[in-house]
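Here are my notes on this model, as numbered points. Please read them with the structure open.

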Amino acid sequence: MKTQRWHVHVTAKPATTALLVGCTALALAVTGTTAQAQARSGDLGRGTLAAGDGWGSYGTGTSGGAAADAAHVYTVTTWAEFKAALKNGGTAPKVIQVKGTIDANAEGCDSFAAPGYDFDAYLQKYSPENWGYGTNLDAEPDDSPEGLRRASAANQDTAIKAEIPANTTLVGLGRGAGFKGASLQIKAVDNVIVRNLTFESPLDCFPQWDPTDTSVGNWNSEYDSAVVYGSTHVWLDHNTFTDGDHPDSTLPTYFGRIFEQHDGELDIVKGADYVTASWNVFADHDKTILIGNSDSASTAAVDRGHLKVTFHHNLFSNLVERAPRVRFGQVDSYNNHFVAGDGYSYSYGIGMESQLVAEHNAFTLPAGVSAATVLKKWKEAPLTAADNYVNGAATDLIAVHNAEIPAETLQSGAGWTPTLRTKVDPPRAVPRIVDHGAGAGKIC
């Protein structure tokens with residue numbers, strides 16, 4: 001694997017000038033400036049989620065670090081600066097402005113490898129010819145190729161994950177701000193905002209071979225670009241999520257299976273609640289968004305009654321599946337544009353005890369792809385799917401699905417009616433509105 005050099009020697013520092021106004025950096029002396037005055041100036045870091053704008057606005061709402069004082073506003077340009085800023089000030093309100101693209105894996109995968117790790121030795125020992133398909137690798141000792149892979153993976157895990165504290169706003173400065181190879185962990189906290197950032201999916205340097213995953217084995221990977229894990233009041237707005245320079249088509253194949261190095265773009269799991277995802281682009285990915293990560297009884301005990309999420313005015317482009325796949329949650333998905341490409345499987349996954357409302361959306365499907373595939377049934381869970389358009393024509397997604405895939409008949413009626421919506425656009429207009437306005441760099 002390629003190794004790149006990574007030099008980090010600067011610590012995070014409070015930003016005293018150049019707070020973002022719209023997409024223009026203005027030279028402002030923030031010392032002594034009140035948060036209220038900055039909010040009036042239009043600074044994105046002071047923005048809050050509007051009342052009634054999806055589940056994220058429920059109850060106390062989502063304000064992130066809007067109330068931060070001058071000492072807790074940071075501009076960061078390196079991964080080390082970013083992680084230092086996250087730690088400064090505990091849970092006091094803070095705004096972290098990201099300037100340019102920050103690479104969490106700038107030194108390359110070799111920098112994480114444990115002493116003695118050898119990928120060729122791994123392939124040799126666990127090849128189907130030598131190992132077979134009957135036993136997984138969980139019991140392999142620490143000094144085995146699998147044990148050394150586990151140690152290497154642990155090194156990467158520590159390096160590329162960043163824990164986001166409560167009462168924090170992360171915002172990109174202007175155009176072109178974001179992260180490569182990073183995994184943001186919004187875990188067991190309240191009140192976080194992430195805006196105007198581009199995320200290139202992290203590559204798992206050390207995927208695990210599981211001979212027992214399917215009849216012919218599979219490579220399994222870790223690391224989502226962002227994870228909302230047991231957290232509440234989270235707003236993700238005008239971000240772009242993509243595989244960037246490393247789409248699945250560039251990944252090699254071993255043992256006849258793709259060497260999968262991507263996990264999700266956004267996962268919302270473990271009892272997370274009150275999340276709004278608005279005006280984002282989710283593009284060029286396979287397993288995109290997971291809401292609820294298991295059907296198990298232990299997961300159900302945590303997730304049941306939670307996972308309330310709103311998606312609106314997002315562009316889902318050239319994805320394979322999970323936009324999103326839902327378990328348990330009351331998910332409201334309206335005014336989104338779904339553009340299918342090569343390898344398209346489905347958009348909405350209907351899972352265990354899900355209560356999905358999918359209304360006023362637009363779907364652009366290529367020739368030969370049926371509207372019946374937009375919905376995928378994993379478990380019996382009624383949903384509401386009204387006023388959706390496919391290639392410019394009003395389409396009853398449930399009726400089309402049931403007519404063409406009778407073995408997976410879906411029931412209509414999610415059992416609840418969303419009330420936390422701002423303006424609802426007509427679905428015919430959604431492609432023009434969303435394609436023009438969604439994604440990082442579009443809130444100038």
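The points below go from model confidence to the fold, and then to single residues.

1. **Confidence.** This is a predicted model. The protein chain has an average pLDDT of 91, and 90% of the residues reach at least 70. The weak part is residues 1-42, where pLDDT is below 50. That stretch still has 96 contacts in the model beyond near neighbours in sequence. Treat those contacts with the low score in mind.

2. **Annotated span.** The UniProt record, an unreviewed entry, carries the annotation "domain: Pectate lyase" for residues 69-369. In the model, the C-alpha atoms at the two ends of this span are 52 Å apart. Strand makes up 37% of the span and helix 15%.

3. **The eight-stranded sheet.** One sheet is open and holds eight strands. Its order is β6-β9-β14-β19-β22-β25-β28-β31, and the pairing is parallel. Which strands stand at the edges? They are β6 (161-163) and β31 (375-377). Each has a single partner strand, so one side of each has no neighbour in the sheet.

4. **A pair inside that sheet.** Strand β14 covers residues 226-229, and strand β19 covers residues 266-269. The two pair in the parallel sense over four bridges. To check the register, start from Y229: its bridge partner in β19 is V269.

5. **Strands β26 and β29.** Strand β26 (residues 330-334) runs parallel to β29, and five bridges join them. Q330 has Q355 as its bridge partner in β29. How many residues of β29 (residues 355-359) are buried? Four of the five are, so the strand is mostly covered.

6. **The disulfide.** A search of the whole structure gives one disulfide. It is formed by C109 and C205, with the sulfur atoms 2.0 Å apart. The link ties distant parts of the chain, 96 residues apart. C109 is in the loop between β5 (101-103) and α3 (119-126). C205 is in the loop between β11 (198-200) and β12 (208-210). The angle about the S-S bond is -70°, and the link is left-handed. Both cysteines, C109 and C205, are buried. In general terms, a disulfide is a covalent bond between two cysteine sulfur atoms.

7. **H72.** This residue sits in the loop between α1 (35-41) and β3 (73-76). Is H72 buried or exposed? Its relative accessible area is 18%, which is under the 20% cut-off, so H72 counts as buried. The side chain of H72 makes a polar contact with the side chain of D69, at 2.7 Å. Setting aside neighbours within four places in sequence, H72 is in contact with N88, G89, A92, P93, K94 and V95.

8. **Two positive phi values.** A188 has a phi of about 55°, positive although A188 is not a glycine. A188 lies in the loop between β9 (183-187) and β10 (190-195). N196 also has a positive phi, about 60°, and is not a glycine. N196 is in the loop between β10 and β11. What is the relative accessibility of each? For A188 it is 62%, so A188 counts as exposed. For N196 the relative accessible area is 1%, so N196 is buried.

9. **A cis peptide.** The peptide bond joining A323 and P324 is cis, with omega about 0°. P324 is in the loop between β24 (315-321) and β25 (325-326). Keep this bond in view when checking backbone geometry.

10. **R428.** R428 lies in the loop between α7 (397-404) and α8 (430-437). Its relative accessibility is 63%, so R428 counts as exposed. Which residues does R428 touch, not counting residues up to four places away in sequence? They are Y389 and G392. A polar atom of the R428 side chain lies 3.5 Å from the backbone oxygen of G392. R428 and A393 are 35 residues apart in sequence, and their C-alpha atoms are 8.2 Å apart in space.

Key. Residues are numbered from 1 along each chain as its sequence is written. This is a predicted model: local features need pLDDT of at least 70, side-chain atom pairs count only at pLDDT 80 or more; totals for chains, interfaces and linings use all residues. Side-chain values use heavy atoms; hydrogens and water are left out. A disulfide is a pair of cysteine sulfur atoms within 2.5 Å. Buried means under 20% relative accessible area, exposed over 50%, partly exposed in between (1.4 Å probe, protein chains only). Two strands pair if DSSP finds at least two bridges between them. A polar contact is a pair of N or O atoms within 3.5 Å; within protein, one must be able to donate a hydrogen and the other to accept it, and residues adjacent in sequence count only if both atoms are side-chain atoms. Contact means heavy atoms within 4.5 Å. UniProt positions are given in the numbering used here, feature names are shortened, and annotations may be inferred rather than shown by experiment. pLDDT is the predictor's confidence in each residue, from 0 to 100.
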